Amino acid sequence: MINYRKEIDGLRGISIILVLLFHAKIPFFSGGFFGVDIFFVISGYLITTIILDLYKKQNFSLIKFYEKRIRRIIPALYMVLITLVFYSFFFQAPYFAKDLSQSIFFTPTFLQNFLNIYEAANYFSLSYDFKSLGHTWSLSIEEQ
């Protein structure tokens with residue numbers, strides 16, 4: 001089993017703060033993608049370490065690996081989706097309903113990045129800021 005490493009949590013925190021500051025349009029923090037890159041590297045490291053550790057113990061199973069990921073990710077993801085549906089019904093303009101319904105389908109199937117490609121969505125455009133689930137492209141990439 002992997003030992004807990006607080007410096008990794010610190011790097012994760014820094015990467016999340018960089019992304020948040022970018023999306024908040026705080027001056028001098030235009031490199032939100034750098035925070036995403038840091039997060040991807042950390043996730044890749046942790047996932048690879050877990051797989052290698054299990055493989056060395058001759059206990060690796062792809063099915064068990066994904067089962068653990070599903071148990072960890074899906075409950076929180078579905079809570080976000082359900083909350084967003086209720087929020088959008090009461091507070092969001094109907095104009096955004098098509099975008100949300102597409103994202104509601106593509107997000108839990110971990111294909112949001114393909115929807116973005118299909119729509120030629122520009123992560124740095126102002127219109128992308130209004131995509132309720134646009135940020136889940138990174139979760140799709142991580143799962144793929």
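What share of the contacts in the chain with a separation of 6 or more is accounted for by residues 24 or more positions apart? The share is 61%. Please keep in mind during this tour that the model is predicted.

Begin with the whole chain in a ribbon view. Six helices and zero strands are present, and from the N terminus on the elements run α-α-α-α-α-α. Next, display the surface of the chain. About 10300 Å² is exposed, and carbon and sulfur atoms supply 72% of that area. Of the 144 residues, 29% are buried.

Now select Ile-73, Leu-77, Leu-81, Leu-84, Leu-100, Phe-110, Leu-133 and Leu-139. These eight residues form the largest nonpolar core. Helix H3 gives this core its largest share, four residues. A second core, separate from this one, has five residues, among them Ile-8, Ile-38, Ile-42 and Leu-46. In soluble globular proteins, nonpolar side chains tend to be buried together.

Return to the largest core and centre the view on Phe-110, one of its members. Leaving aside residues up to four places away in sequence, Phe-110 touches Ile-73, Ile-74, Leu-77, Leu-139, Ser-140, Glu-143 and Gln-144.

Finally, select Tyr-78, Ile-82, Phe-86, Tyr-87, Phe-89, Phe-90 and Phe-91. Together they make a nonpolar surface patch of about 880 Å². Within this group, choose Phe-91, which lies in helix H3, residues 62-91. Is Phe-91 buried or exposed? Phe-91 counts as exposed because its relative accessibility is 63%, and the term exposed applies over 50%.

Key. Residues numbered from 1 in each chain as written. Predicted model: local features only at pLDDT ≥ 70, side-chain atom pairs only at ≥ 80, totals over all residues. Heavy atoms only, no water. Helix = DSSP H or I, 4+ residues; strand = E, 2+ residues; numbered from the N terminus. Buried < 20%, exposed > 50% of the residue type's maximum accessible area, 1.4 Å probe, protein only. Contact = heavy atoms within 4.5 Å. Areas by Shrake-Rupley, 256 points an atom, 1.4 Å probe, with all protein chains shown as cover. Patch = residues over 30% accessible without salt bridge, like charges linked within 9 Å, V, L, I, M, F, W, Y side chains within 5 Å. Salt bridge = Lys/Arg side-chain N within 4 Å of Asp/Glu carboxyl O. Core = buried A, V, L, I, M, F, W, Y, C linked by side-chain atoms within 4.5 Å.
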